[in-house]
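Open your viewer and get ready to select a few residues at a time. This tour goes stop by stop, and each stop tells you what to pick and what you will find there.

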Amino acid sequence: MKVKTRFLGVLLAIALAAGFMCATPAAADESKFHIKFSTWHPPVSREVKTVWIPMLEELKKRSNGRITYTLYAGGALGKGPAHYDIVKNGLSDMGYFTATWTPGRFPLTDTLSLATWVNGKDIAADIGNEMNKKVLNKEFKDVKVLELNGCIQAFMWTKKPVRTMEDLKGMKIRAPGGHQTNYIKALGAEPVFMPLGDVYLALETGTIDGLVTCAPLVLAYKLHEVAKNGVVATFGCVSEGVVMNKKSWERCPDDLKPIIEEVAGNPYKTTHGLNREVYATMMKEIKDKGVNLYELPAEEQARWSKAFQQETKKWVAELEKKGLPAKDTVKMYNKIAEAHGTSCVAFPAEWK
């Protein structure tokens, strides 16, 4: 009986060993690179459909299939303000984050969100990338920056028509944060911060009277259904960008790194998504959906711009007290913006 037991034990050991060997995965192919990409944009948004998926597919194509990806859109890995840390901490390898949503963390980068006429994210990324190389990179030492941008110009969208600053008194306007919050205050309205996903119901129920945001997000969240009036006066927008986890970047095969930098360095040029041509199409789509677009007369626009310029001066003074070269950074931004054919209405004229 003992011999038989020992024999069965040996067979079991051999079988277990064989099973273990069969279950052991093959060594990972070090020539390939898998990217977990995260963004707070909704899965059905233009950003995801026309920029992020095409960008990731282009990485796959140019690498002959060596780069693969998994996309985590919306709140799959965390809320909007958490997306920088989602990448920094390695929950995703690469992702899109909004610097403005973490106040005080990237102070000079908020320069990119000054009120400026920018009607394409391809332009915004060109400006942001140049600013990053010259000064803003100091604020992103714990990640690999692939691109920075100031988004597309945001407008004000309201339930009732707004024609002058006086019309805004007493109104509650959802702000994305940063300079836009100060601009709303300067115009006499009350800024309210809330996630974009809550804005539709807040407008519908009258909790807020309007919001400041860019055209693609109006369409993505169907805000055109509840905010039927748009003031075409630029508020700038939030500062954003594509960043990569440092360890993931180091792990990436060296010959694939230039492909990632080229494709993601200006994803809007790569994919033609949310560029100048698309912007014009989006504005037409919003108008066709019944939104009344109102362009401020030159005199009223000058009043709004002057209010914005005063906010720039105050913001710069606060950062200068902390030892940050805010004025020089804003001057540099204005110069770069003008070189790209755009105008920063929040830039104090006397600083030129």
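What follows is a walk from a single residue to the cavities, a helix pair and finally the pockets. Keep in mind throughout that this is a predicted model.

**Stop 1: a glycine in a strand**

Start by selecting G95, which sits in strand β3, residues 94-98. Is G95 buried or exposed? Its relative accessible area is 0%, and since buried means under 20%, G95 counts as buried.

Now show the neighbours. Leaving aside residues up to four places away in sequence, G95 touches F37, S38, V87, G241, V242 and V243. Add Y72 to your selection as well: 23 residues separate Y72 from G95 in sequence, and their C-alpha atoms are 9.0 Å apart in space.

**Stop 2: the enclosed spaces**

How many cavities of 30 Å³ or more does a search of the whole structure find? There are two.

For the largest cavity, select W40, C214, L217, V238 and E240. These are the residues nearest its centre, out of 15 that line it. The volume of this largest cavity is about 110 Å³. Colour its lining by residue type and you should count nine nonpolar, two polar and four charged residues.

Next, move to the second largest cavity, which holds about 80 Å³ of space. Here the residues to pick are L112, V118, G150, C151 and Y333, the nearest to the centre among the 15 lining residues. Helix α4, residues 121-134, contributes the largest share of this lining, with three residues. What charged residues might you look for in the second largest cavity's lining? There are none: the lining divides into nine nonpolar and six polar residues.

**Stop 3: two helices crossing**

Select residues 298-321, helix α12, together with residues 326-339, helix α13. Their axes come within 8 Å and cross at roughly 135°. That angle makes α12 oblique to α13, because only angles over 145 degrees count as roughly antiparallel, and those from 65 to 115 as roughly perpendicular.

To see where the two helices meet, show side chains for T312, W315, V316, L319 and E320 in α12, then for A326, K327 and V330 in α13. The contact is made up of five nonpolar residues, one polar and two charged.

**Stop 4: the largest pocket**

Stay with α12, as this helix also gives the most to the lining of the largest pocket, with five residues. Helix α5, residues 179-186, is worth highlighting too, since α5 and α12 each supply at least two lining residues. The largest pocket has a volume of about 390 Å³. Sixteen residues line this pocket, and those closest to its centre are D110, G178, N182, W315 and E318. You may recognise W315 from the contact between α12 and α13. By type, the lining of the largest pocket has five nonpolar, six polar and five charged residues.

**Stop 5: the second largest pocket**

For the last stop, go to the second largest pocket, with about 300 Å³ of space. Select G80, P81, W101, P195 and L196, the closest to its centre of the 15 residues that line this pocket. Which helix gives the most to this lining? Helix α6, residues 196-205, does, with three residues. Finish by colouring the lining of the second largest pocket by type: seven nonpolar, five polar and three charged.

Technical notes:
Residues numbered from 1 in each chain as written. Predicted model: local features only at pLDDT ≥ 70, side-chain atom pairs only at ≥ 80, totals over all residues. Heavy atoms only, no water. Helix = DSSP H or I, 4+ residues; strand = E, 2+ residues; numbered from the N terminus. Buried < 20%, exposed > 50% of the residue type's maximum accessible area, 1.4 Å probe, protein only. Contact = heavy atoms within 4.5 Å. 1 Å grid on protein atoms, 1.4 Å probe; cavity = no way out; pocket = protein on both sides within 12 Å on 5 of 7 lines; lining within 4 Å. Points joined across faces, edges and corners; volume = space filled by probe spheres on them. Nonpolar A, V, L, I, M, F, W, Y, C, P; charged D, E, K, R; others polar. Axes fitted to C-alpha atoms, helices over the stretch in contact; angles between N-to-C directions. Parallel < 35°, antiparallel > 145°, perpendicular 65-115°, else oblique.
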